[in-house]
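Q: Please take me through one part of this model in close detail. I would like to know where it sits and what surrounds it.

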Amino acid sequence: MKKIIGILILLYLFFPASCNKGEGKPTEITSEKKQSSFKEIYEFSEMALLMEDMYADMEKIRHDVIETKSIGALPPILIKIHTAEMTNTFERTFEFERFANLLIKTQKELYNSAPNANRTELYNNVVNACLVCHKSPVGCDGPIPRIQDLMIPTN
């Protein structure tokens, strides 16, 4: 028993010293290194990449919708939702196609609207279309918090 206590005391004394070896030396972890290690673990499917692009587009136009500025044209990549290769744990089902069509419909309504129209509501309709799909059994629920952050609060 005394040996075990002795070993624990020695570990207690030397462990903090080994943790402080790099103290004073700046360690720089770049986002490139973080991304590359993540990509080594997980490879995005075409659908996941498409969803990332759609998220970036929505994030980009959010401020313009709030400021009632021009949002440009409907992104042509949107139609790829019907053909993009999905992550192997998901299937392109009839239900998924219904959600995809709803997304395209709400996107068209947003992009075809006049700048003075209630674009905030139309924008939030697109975000809600994403949320409904992701909350359903055909969607991936992981990005739901990110998608919710796209919503524009209304009075």
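A: Start with Leu 74, which lies in the loop between helix 3 and helix 4. Keep in mind that this is a predicted model. Is Leu 74 buried or exposed? Neither label fits, because its relative accessible area is 30%, and that makes Leu 74 partly exposed. The cut-offs behind that verdict are under 20% for buried and over 50% for exposed.

Now look at what Leu 74 touches. Leave out residues up to four places away in sequence, and its contacts are Gln 107, Lys 108 and Tyr 111. Glu 109 gives a sense of the distances here. Leu 74 and Glu 109 are 35 residues apart in sequence. In space, their C-alpha atoms are 9.7 Å apart.

Two of those contacts turn up again in a cavity. A search of the whole structure finds one cavity of 30 Å³ or more. The largest cavity has a volume of about 50 Å³. Gln 107 and Tyr 111, both touched by Leu 74, are among the residues that line this cavity. Pro 75 and Leu 78 also belong to the lining, along with Met 54, Asp 57 and Met 58. Which helix gives the most to this lining? Helix 3 does, with three residues. Helix 3 and helix 4 each supply at least two. By class, the lining has five nonpolar residues, one polar and one charged.

Stay in the loop and find two threonines. Thr 68 is found between helix 3 and helix 4, and so is Thr 93. Thr 68 has an unusual backbone angle. Most residues other than glycine have a negative phi. Thr 68 is not a glycine, yet its phi is positive, at about 50°.

Thr 93 is partly exposed, because its relative accessibility is 29%. It also leads us to another part of the chain. Thr 93 and Val 138 are 45 residues apart in sequence. Their C-alpha atoms are 7.8 Å apart in space.

Val 138 then takes us to Cys 133. Leave aside the neighbours of Cys 133 within four places in sequence, and its contacts are Val 138, Gly 139 and Phe 99. Cys 133 sits in helix 5. Why does Cys 133 count as buried? Its relative accessible area is 11%, and buried means under 20%. The C-alpha atoms of Cys 133 and Ile 144 are separated by 9.9 Å, with the two residues 11 places apart along the chain.

Helix 5 itself covers residues 119-135. You can check its length with simple arithmetic. It has 17 residues, and the rule is 1.5 Å times one less than that number. The expected span is therefore 24 Å, and the end C-alpha atoms are 24 Å apart, which agrees. Cys 133 has buried company in helix 5, including Leu 122, Tyr 123, Val 126, Val 127, Ala 129, Leu 131 and His 134. What covers the buried residues of helix 5? The cover includes helix 3 (46-66), helix 4 (94-111) and helix 6 (144-148).

These helices also share the lining of the largest pocket. Helix 3, helix 4, helix 5 and helix 6 each supply at least two residues to it. Helix 3 gives the most, with seven. The pocket holds about 620 Å³ of space. Its lining counts 32 residues, and Met 47, Met 51, His 134, Cys 140 and Pro 143 lie nearest its centre. By class, 24 are nonpolar, six are polar and two are charged.

Finally, step back to the whole chain. Its secondary structure comes to six helices and zero strands. Of the 155 residues, 28% count as buried. The accessible surface is about 11,300 Å², and 59% of it belongs to carbon and sulfur atoms. Now take the contacts with a separation of 6 or more. Residues 24 or more positions apart account for 62% of them. The pair of Leu 74 and Tyr 111 is one contact to look for as you turn the model.

Conventions:
Residues numbered from 1 in each chain as written. Predicted model: local features only at pLDDT ≥ 70, side-chain atom pairs only at ≥ 80, totals over all residues. Heavy atoms only, no water. Helix = DSSP H or I, 4+ residues; strand = E, 2+ residues; numbered from the N terminus. Buried < 20%, exposed > 50% of the residue type's maximum accessible area, 1.4 Å probe, protein only. Contact = heavy atoms within 4.5 Å. 1 Å grid on protein atoms, 1.4 Å probe; cavity = no way out; pocket = protein on both sides within 12 Å on 5 of 7 lines; lining within 4 Å. Points joined across faces, edges and corners; volume = space filled by probe spheres on them. Nonpolar A, V, L, I, M, F, W, Y, C, P; charged D, E, K, R; others polar. Areas by Shrake-Rupley, 256 points an atom, 1.4 Å probe, with all protein chains shown as cover.
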